[in-house]
Structure formats: C-alpha cells, structure tokens
Amino acid sequence: MRKYWIDNLRWVTVLLVLLYHVIYFYNNKGVFGGVGGFGDGPQYQDALMYILYPWFMPVLFLLAGISARYALARHSSGSWFAARTRKLLVPSTIGLLVFHWMTGYFNTHVGGEDVLAAVGQPVKYFLWAFSGIGPLWFIQDLWLMSLLLLLVRKLDASDRFYRLCSKSSLVVILLMGVLFWLGEQTLIAEPRPESADGLYNLYKPLFYLVPFLMGYFVFSSDEVQERLSRYWVWLMVAAVASGVILTVTTFGENNTSPQYLGSVMNSLYGWLMCIAMMGWFKAEFDATGRFAGYMTRSSFGLYIVHYVIVASIGYLMKVNTQLPPLAMYLILTVAVFTLSPLLYEGLRGIPLVRWCVLGEKK
C-alpha cells in the first residue's frame, strides 16, 4: 500500500524550496549565490531562510532513504540502481549541457558583469554548464548515496540492524539528533577560497548521508512512523519554539556558514523539525487527490527546472529595472510557481530532451 504522506511531504517540501530560492536570491546576509539584497538594512523577509534551511533538505534525504528501502523490496539492486542513474545522474550531467548552461549564464553575470568575458567559446559554454549545477547538487549527492547504499546493504543482508532500529523509542529518536549535530561538524570550518572547500560545504555529503541512512534503517519502519505520528503535536511545538529562538537570536548572520550550521541550536531545531514534519504528515496527510497526485508526479521535475526561472527573471529585474523590492519578490514568486510547471510540461513533451533534462523515458 502506497504511503501518500511521504509523497505529500516531498512535494510540499519542494514547493518550499522554490519559495526559499526567491527569498535567497535577494538576500543580504552574505549567503553565496544570490544577486544581492536591497541595501544593508534588515530584510525581515530573509527570516524565511533561517526557518527553512536547517531542515528542508535533510527531510528530502530522509524521505529518499525511506523510499529506497521500499523500492529495493520490490526491485533488484541492479534495476533499481539503473533507474536511479537515469533519474539522478543523467539530468545532473548531460542535463547541464542541454539545459542548465542557461542557469550558468546568469550565475556568471550575478555581479552585473560577465566574469567570463575574457574566456572564449566553446570553453565559456562548458563553464556555464558547470556553473549551472545550482540545486542539482542534491541529486548528485543522492546518486552517490544510492551507490553507497548498495554496499551498506550487504553489511545488513539479514536486516538485523533494521529490525533493531524499528524498536527505537521516542527518546532514542530524539537522541538521534546528536548524529544530526555530528554530521554538521564534518563541514570545513574555514574554507579556503582557492580550493574546493566551498563546494564540499555546499554538497555536505557526510552530513546528508546521516538522514539518508536514517531514512533507510530507522524511519522506513511502520512502528517508528506510528510513534512519530502519535506525538507530532508535541514535537511540532518543540520544533517551533526552538526555531523562533534560533531565528531571533541569530538573525543577520550567514545562516549557511559552517559555524552557524554546526551550532547546537541549529541542529536541535533542524532535527526536531524533521521528525515533527514526518509525524505531522503521517498523522494528517496520508491521503491523495487529483492535485496531490499531479504534484507527486511532477515535483521532481519542478525542482529540476525551477532555478533557471529564478536566476533569469530575478537577475534581469534587479539589474535592468527600478522596480521596488516588494514588486520584485511578488513577480518572481508568481513566475517561479507558474512558469516552472509550464516549463516542466514543455520539456517532458520532447523525447530526447525529456531524457537528458528530466531523466524520463516516457
């Protein structure tokens, strides 16, 4: 029986990613990648970054781990990994050359100038493609973790560890937040500008491996899911309280810096929100409908294509217009939520492009 709450939590989280990127693109907190904010004063809308960033990507990795266990129960390791390769690796490699080079073009013009002006073609095109990875780091990480999972499964071929994890009490689940915090400690505290340290801190492979394996071994258990759903209200109260404290006490800091992410309060809020959201959706949103069914099918594609809309429209408004900030936020929000589905549906109607960009055969 399909667990609709997993589908629903996944697509809701993807929609929050779209909204996050609208706010992030104009942030003035020093978070790398945006086009910059509107002066040095406080931008209270940036609070959304503090609210979402600690937990929404870990939740996606948790759900991916859960889904991996269910899929591997129905398919052979070889067929499952082949499907993962088509769905994850193809869009994040070949798709860069076919589509995401456009995102890279705008990324290299963020400062208002072409940072590759001295570079000739076709080298510039390949640099655009590399710069266009953007949010696709997520599916690149996920492909590597899928490969690693095939090795890890051999260590627990009899599922003894899985059965042990299924007995986890609420106290044990809460204490797993320590692993969440330890994962954050694997970031490079002082990344060197001339090195790949910044890329490592973006991908955070060791940190995201923690929720992925937790999803596979712990939260794929029906018993654990029931425990979370039973206590979701109290978990959400604790998560919201810790989130308010974190946001109020740290607003103005770069919320993606290693020091910020490695703090106890950030890890506490992030973990509480992860398990609270899973419990809430298990208890209240384990059903589907026409809209939910469409979003379940399309949310991955929306994630893949949305950032080119953010980067292009967001950049052009900031550099070439005198629109007030509120108008820019509203226009960009409407654009990303309306044009992303149109772009996704358009791309999936072109056979070869559909495979290259979305990893879809049909």
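Modeller: A cavity here is a set of grid points, taken over the protein atoms alone, where a 1.4 Å probe fits but cannot get out, and this model is a predicted one.

Colleague: What volume does the largest cavity have?

Modeller: The structure holds two cavities of 30 Å³ or more. Of these, the second largest has a volume of about 30 Å³, whereas the largest cavity has a volume of about 60 Å³.

Colleague: Which helix supplies the largest share of the lining of the largest cavity?

Modeller: Among the 13 lining residues, the closest to the centre of the largest cavity are His100, Thr103, Pro135, Ile304 and Tyr307, and by class the lining has nine nonpolar, four polar and no charged residues. Helix 5 (94-107) and helix 17 each supply at least two residues of that lining. The largest share, six residues, comes from helix 17.

Colleague: Is serine 298, which is placed in helix 17, buried or exposed?

Modeller: The cut-off for a buried residue is under 20% relative accessible area. Because serine 298 has 0% relative accessibility, this residue counts as buried.

Colleague: Where is the kink in helix 7 centred?

Modeller: Helix 7 (residues 137-155) reaches 27 Å from its first C-alpha to its last, close to the 27 Å expected at 1.5 Å a residue. Its buried residues, including Trp137, Phe138 and Leu149, are covered by elements among them helix 3 (56-72), helix 12 (205-219) and helix 17 (290-320). The kink in helix 7, of about 25°, is centred on leucine 149.

Methods
Residues are numbered from 1 along each chain as its sequence is written. This is a predicted model: local features need pLDDT of at least 70, side-chain atom pairs count only at pLDDT 80 or more; totals for chains, interfaces and linings use all residues. Side-chain values use heavy atoms; hydrogens and water are left out. Helices (H or I, at least four residues) and strands (E, at least two) are DSSP runs, numbered from the N terminus. The expected span of a helix is 1.5 Å times one less than its number of residues. The bend at a residue is the angle between axes fitted to the seven residues ending there and the seven starting there. Buried means under 20% relative accessible area, exposed over 50%, partly exposed in between (1.4 Å probe, protein chains only). Contact means heavy atoms within 4.5 Å. On a 1 Å grid over the protein atoms alone, a cavity is a set of points where a 1.4 Å probe fits but cannot get out, and a pocket is an open set with protein on both sides within 12 Å along at least five of seven lines; lining residues have an atom within 4 Å of a point. Grid points are joined across faces, edges and corners, and a volume is the space filled by probe spheres set on the points. Ala, Val, Leu, Ile, Met, Phe, Trp, Tyr, Cys and Pro count as nonpolar, Asp, Glu, Lys and Arg as charged, and the others, Gly among them, as polar.
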